[in-house]
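User: I am new to this structure and would be grateful for a close look at one part of it, namely how the opening pair of helices packs together. Please set that part in the context of the whole chain.

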Amino acid sequence: MVISQPRGTTKDNLIAAATIEFANKGYAHASLREICSRAGVTTGALYFFFKSKDDLFRQVIAPFASELSKVLTTYFANVTAFIGDTEEGAENTADEAARGIASTYFENRLAARVLLNNREHPASREYFDSLDATLNKLVADLIAQTHPGVEESEGFDDLYVPWVTLIQTEGVMMILDKAATPEDAYFPLRQMAAFVRGGIGSVFELQQKQEEGRK
């Protein structure tokens, strides 16, 4: 497949060319010479805008990473906040969240491939560590709001929130990676939302029964 030369400013051209190169070959095997050739510039021009290959990679993933954080945070908030809400309210917010995350991913699919397929790169690890911390806090805060006092229960420990976050994050990433279109991703994302809502609710019901049985 022939990919036309990017059009725009020199920096924009380099980022577009680098996105293609990183997506196709991965960070380790990407060639700065090939990136410059695709962008129609010299290596001197590349180093005018970017300090290094690492700096170029970070600027390639930064816009999509920022947008992904926003939609994932919204998705997590919508999925978790409506654990105790009516079925209709939960369905409406899950629908909006699923469509939002699917559209964001497919509008930036090449950059998404760069981020998700290069998790060993320090910039990617830093991003996902930061994202996990943000989502862990969000999940913990929302659980505390919907189930006051649960953090004091016997079954609620330091691993509970991280594994809830991990199930959702990895599930969403897998769905997006395997889907061919936004519509392909939409229904599985809705299923994930229903699974998480039901699963969290069931865990708390089980804990409550255990505590009542001890009284």
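Analyst: Of the 215 residues of the chain in this predicted model, 43% count as buried. The chain has nine helices and zero strands, so that, read from the N terminus, its elements run α-α-α-α-α-α-α-α-α. Among contacts between residues at least 6 apart in sequence, 72% join residues at least 24 apart.

The pair in question is α1 and α2. Two packed helices are described by the angle between their axes and the distance between the axes. For α1 and α2 the angle is about 135°, and the axes are 8 Å apart. That angle makes α1 oblique to α2, and α1 passes α2 in a right-handed crossing.

On the α1 side, the residues that meet α2 are Asn13, Leu14, Ala17, Ala18, Ile20, Glu21, Phe22 and Lys25. Their counterparts in α2 are Glu34, Ile35, Cys36, Arg38 and Ala39. An α-helix has 3.6 residues a turn, so residues three or four places apart point the same way.

Ile35 deserves particular attention. Leaving aside its neighbours within four places in sequence, Ile35 is in contact with Leu14, Ala17, Ala18, Glu21 and Phe22, and also with Leu46 and Leu56. Three of these names recur in the core: Phe22, Ile35 and Leu56, together with Leu189, touch the most other members of the largest nonpolar core, which has 58 residues. Helices that each supply at least two residues of this core are α1 (10-29), α2 (32-39), α4 (53-81), α5 (87-107), α6 (109-116), α7 (122-146), α8 (160-178) and α9 (182-214). The most comes from α4, with eleven residues.

Two further places complete the picture. In the loop between α6 and α7 lies His121. Because its relative accessibility is 4%, His121 counts as buried. Apart from neighbours within four places in sequence, His121 is in contact with Tyr27, Asp54 and Phe57.

The other place is α8. At 1.5 Å a residue, the 19 residues of α8 should span 27 Å, and the end C-alpha atoms are indeed 27 Å apart, which agrees. The buried residues of α8 include Tyr160, Val161, Val164, Gln168, Val172, Ile175 and Leu176.

How values were computed
Residues numbered from 1 in each chain as written. Predicted model: local features only at pLDDT ≥ 70, side-chain atom pairs only at ≥ 80, totals over all residues. Heavy atoms only, no water. Core = buried A, V, L, I, M, F, W, Y, C linked by side-chain atoms within 4.5 Å. Buried < 20%, exposed > 50% of the residue type's maximum accessible area, 1.4 Å probe, protein only. Helix = DSSP H or I, 4+ residues; strand = E, 2+ residues; numbered from the N terminus. Contact = heavy atoms within 4.5 Å. Expected span 1.5 Å × (residues − 1). Axes fitted to C-alpha atoms, helices over the stretch in contact; angles between N-to-C directions. Parallel < 35°, antiparallel > 145°, perpendicular 65-115°, else oblique. Left-handed = near helix turned anticlockwise from the far one by under 90°.
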